[in-house]
Structures are given as C-alpha cells and as structure tokens.
Amino acid sequence: MRNQYYHAHIDRIIEHRANVRSFIFDTGELNLDSSPGQFVMVWLPGVGEKPFSLSNSFRIAVKNVGPFTEKLFEKKGGYLDIRGPYGRGFPNIGKNTAIGGGVGIAPLMHLLYLGNLATGFVLAGKTKEDLIFLEDIVRRFEGNYVTDYSSKNVVCVTEDGSYGIKGIATDASIPKADHNYYVCGPEGMMEGVAEKLVNEGVGSERIYLSLERYMKCGAGICGSCSFSGYRVCADGPVFRYDKIKDLPHFNEWKRSRTGELVEI
Ligand SMILES: Cc1cc2nc3c(=O)[nH]c(=O)nc-3n(C[C@H](O)[C@H](O)[C@H](O)COP(=O)(O)OP(=O)(O)OC[C@H]3O[C@@H](n4cnc5c(N)ncnc54)[C@H](O)[C@@H]3O)c2cc1C
Ligand code: FES
C-alpha cells in the first residue's frame, strides 16, 4: 500500500507567506494514516518527484526554493499525485516540546493536530513572517478566542527581533518537556538546539531531530539519501540525537543529486 499513488484532490491552498504555502487535500479520497515526522513523495509528471513532510495526514507545507517547488506553486487547485507515508517519525508518546525553524515548524504541527502531543512549542525564524502556523499553535494551547497570540508555552524567536525574542533558536528559553524534545529545521540549528538541551541536563536520548537528505525513491531502495550508513528515508527521517551526534555526516556532509558528498 505504501507505494500506491494517490491522485489527491487539492481542497485548499493556504499562503503563509509569499514563498510558503500549505496544500490541503480532500480527506474523502485520501487516508494516509501518518504519524508526526513522516513524509510523502509528490510527483509532478515531467518535472520530478520530491519529499515533503506531512503537517497532518492530508496536508503538506511547501517552501518555494527551486525548480520543482516553483512548478508546484503554479498549482491553483486540481490534483497532485502523491505516495506514502514514508519514514519513521517522532515517537507517539506523552507530552513533548516541539522546536521548529522556518518551514521546519510544519511537520511539528502534526503533533498538535494528532491530539496535543506537544505541551511546549518554540518557533524560530529570520523574521515574524517565518513563524508559520503561529496563530494556529497559540490557539491550540490557549483556546479558540485568543486575541494577542501570546502563550507561556509558545516561545518565539526572530533574528531581526520583529517578534518574540531577538536572536536564534538557541537563544530561546525552551519549555520543559515531560518526555521528549522534537526538533525540525536546518541541521546546524538542530545541532545547536540539541547541544543546548544537553548542556541544560536533558539526556541526548530524549532529543529527536528530523534530517533532510536528497531523496529519489523515498522508500529505502536507491541509497541516494545515504547518511553515515543510514538511509534517511527509511531509517529516519527522525533520528534520536545520541545515535547520530558523532556520525561523520551529521551537520557536515550531504549527497548531491548525483551522489557526490558535498559540505552542508
Ligand atoms: C524527508 C524530507 C522532508 C521534507 N519536507 C519538506 C517540507 O515539508 N516542506 C518543504 O518545503 N520542503 C521539504 N523538504 C525539502 C524539499 O524536498 C526540497 O526543498 C525540494 O525537493 C526542493 O526542490 P526544488 O527543485 O524546488 O529545489 P532544488 O533547487 O532542487 O533544491 C533546493 C534545496 O533543496 C535540497 N533538495 C533538493 N531536492 C531534494 C530532495 N529530493 N531531498 C532532499 N533535499 C532536496 C537541495 O539540496 C537544495 O539545498 C523535505 C525534504 C526531505 C528529505
Ligand atoms: S531515497 Fe532511496 S533509499 Fe532513501
């Protein structure tokens, strides 16, 4: 079933900012039954196929960064061919703290949409515009009638100081988690956050990071997402920090489209 393509009808497109959009599919035709941190492969005939994390079982958020996503942004409705869900996501237990950078906030939304698996949320970005889902996140923590979009459980940090604390993710005071810390964003940011948590006494086995590597099959077959002996698509994309922190590829090397190792 996992390799089955769904001809998924786009029910709605939400523009979070000029270069970030959510594509929401009709649930009637689609039942991906995914867990937080899993992803789908989106196929645009004649263009290619690329991985995107699920913000819930019928929704992806896409940042327009290159040729594929540019083409995806031409969609105003209609259908998308997708297959999945793939990968191992975040452990589906207890109350956790989510820490997201930029479009990395989107996969962590799955924790909230699934039933409040997050009790704390850190959103980090260059500017306020990058803090996608902010209103939705605060509403989920504070109830439906929030007007000022602030919450003690939601910490915002922006590099230009346009919202929340001025700085980067590691400058944030991270809300304590009963269970785990789930981090998604640029690899350097994730390593910095993990190191900060460890310095604050959190065991590295309680920290989970979602990695990105170049993917072709998305299903553990081709090896293009190889990462120090792991296949990110099948063994990850979510990895426990203690398992990867000393691996040579972590925050150092990734593979290009042709398989060459290039510095991150
Ligand atoms: C597991 C996983 C989940 C992802 N989830 C999201 C998401 O929720 N939202 C989102 O906007 N993006 C997500 N991405 C990244 C997304 O797949 C790439 O940004 C997209 O493929 C870029 O394609 P492009 O042709 O538009 O740009 P390109 O010009 O091809 O690439 C721009 C950048 O994206 C990287 N990239 C390109 N193709 C891939 C690929 N197949 N796999 C990994 N990295 C690639 C390149 O190294 C480059 O740095 C995810 C990637 C992975 C591996
Ligand atoms: S993308 Fe093919 S093995 Fe991971």
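# Strands, a barrel and a ligand site

Guide: Pro237 sits in the loop that links helix 5 (232–235) to strand 15. Pro237 also follows Gly236 through a cis peptide bond, with omega near 10°. The model is predicted, so local features need pLDDT of at least 70 and side-chain atom pairs pLDDT 80 or more, while totals for chains, interfaces and linings use all residues. Residues are numbered from 1 along each chain as its sequence is written, chains are lettered from A and ligands numbered from 1 in the order in which they are written, and side-chain values use heavy atoms, without hydrogens and water.

Visitor: Which other peptide bond is cis, and what is its omega?

Guide: The bond joining Gly84 and Pro85 is cis, with omega of about 5°. Pro85 is placed in strand 6, whereas Pro237 is in a loop.

Visitor: What makes a stretch a strand or a helix here?

Guide: Both are DSSP runs numbered from the N terminus: a strand is a run of E with at least two residues, and a helix is a run of H or I with at least four. Strand 10, residues 165–166, therefore counts as a strand. Helix 5, residues 232–235, therefore counts as a helix.

Visitor: What makes strand 1 and strand 6 a pair?

Guide: Two strands pair if DSSP finds at least two bridges between them. Strand 1 (residues 5–17) and strand 6 (residues 79–86) are joined by five bridges, so they pair, and they run antiparallel. His7 stands opposite Asp81 of strand 6.

Visitor: To which closed arrangement do the six strands belong, and in what order do they run?

Guide: They form a closed barrel in the order 1-2-5-4-3-6, with antiparallel pairing. From one strand to the next the twist averages 45°; angles are taken from 0 to 180 degrees between N-to-C directions, along axes fitted to C-alpha atoms, for helices over the stretch in contact.

Visitor: How many bridges join strand 4 to strand 5?

Guide: Two bridges join them, so this antiparallel pair meets the requirement of at least two. Leu54 has Ile60 of strand 5 as its bridge partner, and the hairpin of these strands has two residues between them. Strand 3 (residues 39–44) and strand 4 are also antiparallel, joined by six bridges. There Val42 is partnered with Lys50 in strand 4. That hairpin has three residues between its strands, and Gly46 in the turn has a positive phi of about 80°.

Visitor: What makes the phi of Asp33 worth a remark?

Guide: The value is near 45°, which is positive, and the residue is not glycine. Asp33 lies in the loop between strand 2 (20–25) and strand 3.

Visitor: What makes strand 10 and strand 15 edge strands?

Guide: Each of the two pairs on one side only. They belong to an open sheet of seven strands, ordered 10-9-8-7-11-12-15 with mixed pairing. In this sheet strand 7 (residues 96–101) pairs with strand 8 (residues 118–125) in the parallel sense over six bridges. Ile99 stands opposite Val122 in strand 8. Helix 2 packs on the sheet, where it touches strand 7, strand 8 and strand 11 (181–184), and its direction makes about 165° with that of strand 8. Contact means heavy atoms within 4.5 Å.

Visitor: Which residues come nearest to ligand 1?

Guide: Lys50, Pro51, Ala61, Lys63 and Thr69 come nearest, of 18 residues around the ligand. A residue is near a molecule if one of its heavy atoms lies within 4 Å of it. The largest share of the shell, four residues, comes from strand 4.

Visitor: What makes the approach of Ala61 to ligand 1 a polar contact?

Guide: A polar contact is a pair of N or O atoms within 3.5 Å; within protein, one must be able to donate a hydrogen and the other to accept it, and residues adjacent in sequence count only if both atoms are side-chain atoms. A backbone N or O atom of Ala61 is 2.8 Å from a nitrogen atom of ligand 1, so the pair qualifies. For Lys63, a backbone N or O atom lies 2.7 Å from an oxygen atom of the ligand. A polar backbone atom of Met215 is 3.2 Å from a nitrogen atom of ligand 1. The protein covers 80% of the 850 Å² of accessible area that ligand 1 has on its own, by the Shrake-Rupley method with a 1.4 Å probe; for residues, only the protein chains shown count as cover.
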